[in-house]
Amino acid sequence: METGSTIVGLGRYAPERTLANHDLARMVDTTDGWIRRHTGIEERRIAAAHEASSDLAYGAAREALEAAGTGPSDVDLIIVGTATPDMPFPNVSCLLQDRLGARSIGCLDVSCACSSFVYGLSVAHGAIVSGQADTVLVVGTDTLSRITNWRDRSTCVLFGDAAGAAVLRPAKPGSGFLSFALGGSGQGRHHLHLKAGGSRHPASHETVARGEHFLWMNGPEVYKFAVQTMPRAAADALRRARLAPDDVDFVIPHQANLRIIHSVSARLGVPMEKFFVNVQRYGNTSAASIPVALYEAVGAGRVSPGDVGVMVAFGAGYTWGACTIRWGGAA
Ligand code: UT7
């Protein structure tokens, strides 16, 4: 690629309230041991009553812009990945643009569930290399606690709330993002969805009585899909960048379940030491999971300039996406 794009700043916002496994064991028929054994999760963050996805996004975006040494007035495009917008419309990116005091720039939401951040990075990269934008803000934000059925033990132990943000700018050739591999298949729509509240099943007393305003998931089916698809997507992104698993210095996987991450490591042929894992402290934060993990990996010194990394996600749709990056290299 002639011109590239790279990440020049990262930010994170995590709500203050922590909900530990033993708190959940008082709410539904579960145990700390079961949750740890089946998922690796120990605790998750829950948004305060006054916080919505755009508020979480704002906290992460402010930190990312500051880390990038830039301000809202420099941003040319805002992309927000979320499955839990403040409301069906206007989109979260417009709410964020206003709150940040950014110029009247392009504002786009990406709805690919847990894959949204990787999809957002891909759109941002395209905007930069095509010359449409110089500075792009990409945010993954979700408040899944608002669509969780707190009486369903098979789902309520899995999720948490957070936001992560990245600022992208042009990169020197050979640096920054090296490849993207995106995929989707509506065949998976029956296994993970929120049924009501859209044009197919508008919200009504009946849909609420049936609990159709909550996320519904067939966990074992989604698990099978994840362990097959994530390694394939990561391998595809590596192939497109002409890289081999041995070239990889760090992997930022979607943080859904520790067992899934172990399986991806084995199938991809990249050792677990290279995977960054924080699912134990956040649970699955959907679109926020990869940027929050990347933020923490960089903060922990696990990522250095010139390192080759892979980010890989899967989610409802089904959707999936992976990308490779050579860290640093801003033009
Ligand atoms: O971002 C994408 C989001 N989705 C995912 O990543 C989820 C992918 N799936 C998974 O991570 C796993 O399938 C789960 C963690 C959701 C479930 O783990 P599992 O090992 O697949 O368990 P299971 O659903 O097969 O259930 C095993 C047993 C069942 O009891 P019986 O039928 O064997 O008596 C469940 O009722 O565990 C029971 N169970 C629980 N027990 C205690 C299900 N949830 C719980 C719970 N506490 N929270």
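Before I start, one term: when I call a residue buried, I mean that its relative accessible area is under 20%. Please also keep in mind that what we are looking at is a predicted model.

Let me begin with the aromatic residues, where that term is needed straight away. Both Phe 225 and Tyr 318 are buried, and their rings form a stacked pair, with 3.6 Å from centre to centre and 5° between the planes. Phe 225 belongs to helix α8, whereas Tyr 318 sits in the loop between β12 and β13, so that this pair links parts of the chain that are 93 residues apart. The two rings also take part in a cluster, in which ring pairs connect Phe 225, Phe 314, Tyr 318 and Trp 320. The count of aromatic pairs in the model comes to five.

Another of these pairs has a different geometry. The rings of Phe 250 and Trp 327 are edge-to-face, because their planes stand at 85°, with the centres 6.3 Å apart. Since Phe 250 lies in strand β11 and Trp 327 in the segment after β13, the pair ties together parts that are 77 residues apart in sequence. Are these two residues buried or exposed? Phe 250 has a relative accessible area of 3% and is therefore buried, and Trp 327, at 12%, counts as buried as well.

That brings us to strand β11 itself, residues 250-253. In a regular strand, side chains alternate between the two faces of the sheet. Here both faces of β11 are covered, with Phe 250 and Ile 252 buried on one side and Val 251 and Pro 253 buried on the other. Strand β11 runs parallel to β12, to which four bridges join it, and within this pairing Ile 252 stands opposite Met 311 of β12.

Turning now to the nonpolar cores, I would note that in soluble globular proteins nonpolar side chains tend to be buried together. The largest core in this model has 45 residues, and the members that touch the most others are Met 217, Val 251, Ile 260, Phe 275, Val 312 and Phe 314. Which element gives the largest share of this core? That is α8, with nine residues. The core nevertheless draws at least three residues from each of domain 1 (4-174) and domain 2 (178-326). Ile 260 illustrates the packing: leaving aside residues up to four places away in sequence, it touches Tyr 223, Ala 226, Val 227, Met 230 and Phe 314. A second, separate core holds 33 residues, including Leu 10, Phe 250, Met 311 and Ile 325.

Finally, the five-stranded sheet. This is an open sheet with the order β1-β7-β6-β4-β5 and mixed pairing. Strands β1 (4-13) and β5 (106-110) stand at the edges with a single partner strand each, so one side of each has no neighbour in the sheet. From one strand to the next, the twist averages 20°. Strands β6 and β7 run antiparallel and are joined by eight bridges, and one bridge partner to look for is Ala 162 in β7, which pairs with Asp 142. Helix α3, residues 53-67, packs on this sheet and touches β1, β6 and β7, its direction making about 125° with that of β1. Helix α11, residues 289-299, likewise packs on the sheet and touches β1, β6 and β7, but its direction makes about 95° with that of β1.

Key:
Residues numbered from 1 in each chain as written. Predicted model: local features only at pLDDT ≥ 70, side-chain atom pairs only at ≥ 80, totals over all residues. Heavy atoms only, no water. Core = buried A, V, L, I, M, F, W, Y, C linked by side-chain atoms within 4.5 Å. Buried < 20%, exposed > 50% of the residue type's maximum accessible area, 1.4 Å probe, protein only. Helix = DSSP H or I, 4+ residues; strand = E, 2+ residues; numbered from the N terminus. Domains from an automatic or database assignment. Contact = heavy atoms within 4.5 Å. Pairing = 2+ DSSP bridges. Axes fitted to C-alpha atoms, helices over the stretch in contact; angles between N-to-C directions. Phe/Tyr/Trp six-rings, centres within 6.5 Å; stacked < 30°, edge-to-face > 60°.
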